[in-house]
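This report describes selected features of one protein model. Please keep the sequence and the structure in view while reading.

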Amino acid sequence: MTGTRKLPILIARAVFPDVEARLRAHFEVETTPAGVVWSQDELVQRLQGKVGVLTTGGERIDAALLAACPQLRIVANLAVGHNNFDLAAMSAAGVLGTNAPDVLTETTADFGFALLMATARRVTESERFLRAGQWNQWSLDLFAGAEVHGTTLGILGMGRIGQAIARRGAHGFGMRVIYHNRSRLDEATEADCRARYVTKAELLAQADHLVLVLPYTPEAHHSIGAAEIAQMKPTATLINIARGGIVDDAALAAALRERRIAAAGLDVFEGEPRVHPDLLTVPNVALTPHIASATLPTRMAMAMLAADNLVAYLTEGRALTPLNPDVIKAGP
């Protein structure tokens with residue numbers, strides 16, 4: 001820092017006042033008005049001269065942006081996921097990336113299980129029916145859905161959130177838990193989750209409720225497509241709280257329309273905030289706008305951790321949750 005001038009940073013999406021105040025105590029802060037989402041060109045323009053930026057996971061940090069913003073030293077995501085980062089390009093440019101793990105695990109697992117239950121028990125479908133004034137009599141099979149307790153819960157991606165969902169299913173609902181992951185968990189963790197490792201094919205074939213919690217990578221793109229859906233039970237439900245692009249949304253919409261699986265619950269979408277139009281026309285899907293971590297305490301913790309990473313790196317040369325820690329050796 002030169003003299004008393006504070007280092008300039010950008011908050012790329014509107015955040016809570018307390019987070020902004022935390023950053024203003026250390027930096028010269030440019031904010032973004034509520035409701036504004038910068039285009040890539042606008043983001044590059046706003047980043048001119050900035051040494052740091054707080055991002056939400058929707059801002060793409062790639063080689064072209066880094067080349068156009070040579071003073072940038074740190075990008076702090078307030079999300080766990082960081083598929084908006086080209087980490088190799090960031091490391092090559094000497095730019096640190098950070099994310100916000102751990103603080104949203106339990107909240108996101110709560111929501112994942114809520115979406116599972118809403119999907120299985122046809123909550124949103126029946127609410128639309130009621131709001132439309134179509135409920136004029138009771139019948140034995142009126143919105144009869146799928147059981148949750150005692151059924152088989154399948155989890156694809158068994159990181160922190162996957163494990164938290166497994167514990168809810170096993171300990172709270174007496175579910176048989178099976179999972180598939182890039183690597184098998186240790187025996188103690190499996191015992192804590194009451195979870196059994198299976199192949200992906202076995203997971204698809206056996207799960208009554210399949211929850212997706214794997215990170216997005218190019219290799220994970222369309223991990224669930226038409227071929228995978230064809231391996232699932234026709235009575236099964238599919239829940240995606242992972243990332244858009246994990247599921248082939250067009251293939252899923254077709255399967256739902258043809259009742260090749262019973263229902264789906266989706267919190268994330270390919271190309272969000274756009275939603276595949278076919279998903280909007282099938283009744284047997286519960287849709288939410290990427291809100292799995294949306295409680296006020298958790299969202300505050302996510303944003304504050306991103307702010308703390310900015311402060312720690314730009315004032316002390318360290319970071320709480322670095323994604324490419326080798327950059328730290330060179331200093332900010």
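## Cavity, sheet and aromatic pair

The largest cavity encloses about 70 Å³ of space. The model, which is predicted, holds one cavity of 30 Å³ or more. Thirteen residues line the largest cavity, and those nearest its centre are Thr-119, Arg-122, Glu-125, Asn-284 and Val-285. At least two lining residues come from each of α5, α6 (123–131), β11 and β12. The greatest contribution is that of α6, which supplies four residues.

Several of these elements also belong to, or pack on, a sheet. Seven strands make up this open sheet, and they follow the order β8-β7-β6-β9-β10-β11-β12 with parallel pairing. Strands β8 and β12 (285–287) each have a single partner strand, so one side of each lacks a neighbour in the sheet. From one strand to the next, the twist averages 20°. Within the sheet, strands β6 (residues 152–156) and β9 (residues 209–212) run parallel and are joined by four bridges. Gly-154, for example, has Leu-210 in β9 as its bridge partner.

Two helices may be described together with the sheet. The table lists the strands that each one contacts or crosses, and its direction.

| Helix | Strands | Angle |
|---|---|---|
| α5 (residues 105–120) | touches β6, β9, β10 (237–240), β11 (263–266) and β12 | about 150° with β10 |
| α7 (residues 160–173) | lies across β6, β7 and β9 | about 175° to β6 |

Strand β10 includes Thr-237. Is Thr-237 buried or exposed? Its relative accessibility is 1%, and Thr-237 therefore counts as buried, since the limit for a buried residue is under 20%. Leaving aside residues up to four places away in sequence, Thr-237 touches Thr-119, Ala-120, Asp-208, His-209, Leu-210, Met-232 and Ala-263. Thr-119 is also among the residues nearest the centre of the largest cavity.

The structure further contains three aromatic pairs. In the pair formed by Tyr-179 and Tyr-197, the ring centres are 5.4 Å apart and the planes stand at 70°, so the arrangement is edge-to-face; the cut-off for this class is over 60 degrees. The pair links distant parts of the chain, with Tyr-179 in strand β7 (residues 176–180) and Tyr-197 in strand β8 (residues 195–197), 18 residues apart. Tyr-179 is buried, at a relative accessible area of 0%, whereas Tyr-197 is partly exposed, at 27% relative accessibility. The strand that holds Tyr-197, β8, stands at an edge of the sheet.

Definitions and conventions
Residues numbered from 1 in each chain as written. Predicted model: local features only at pLDDT ≥ 70, side-chain atom pairs only at ≥ 80, totals over all residues. Heavy atoms only, no water. Phe/Tyr/Trp six-rings, centres within 6.5 Å; stacked < 30°, edge-to-face > 60°. Buried < 20%, exposed > 50% of the residue type's maximum accessible area, 1.4 Å probe, protein only. Pairing = 2+ DSSP bridges. Axes fitted to C-alpha atoms, helices over the stretch in contact; angles between N-to-C directions. Contact = heavy atoms within 4.5 Å. 1 Å grid on protein atoms, 1.4 Å probe; cavity = no way out; pocket = protein on both sides within 12 Å on 5 of 7 lines; lining within 4 Å. Points joined across faces, edges and corners; volume = space filled by probe spheres on them.
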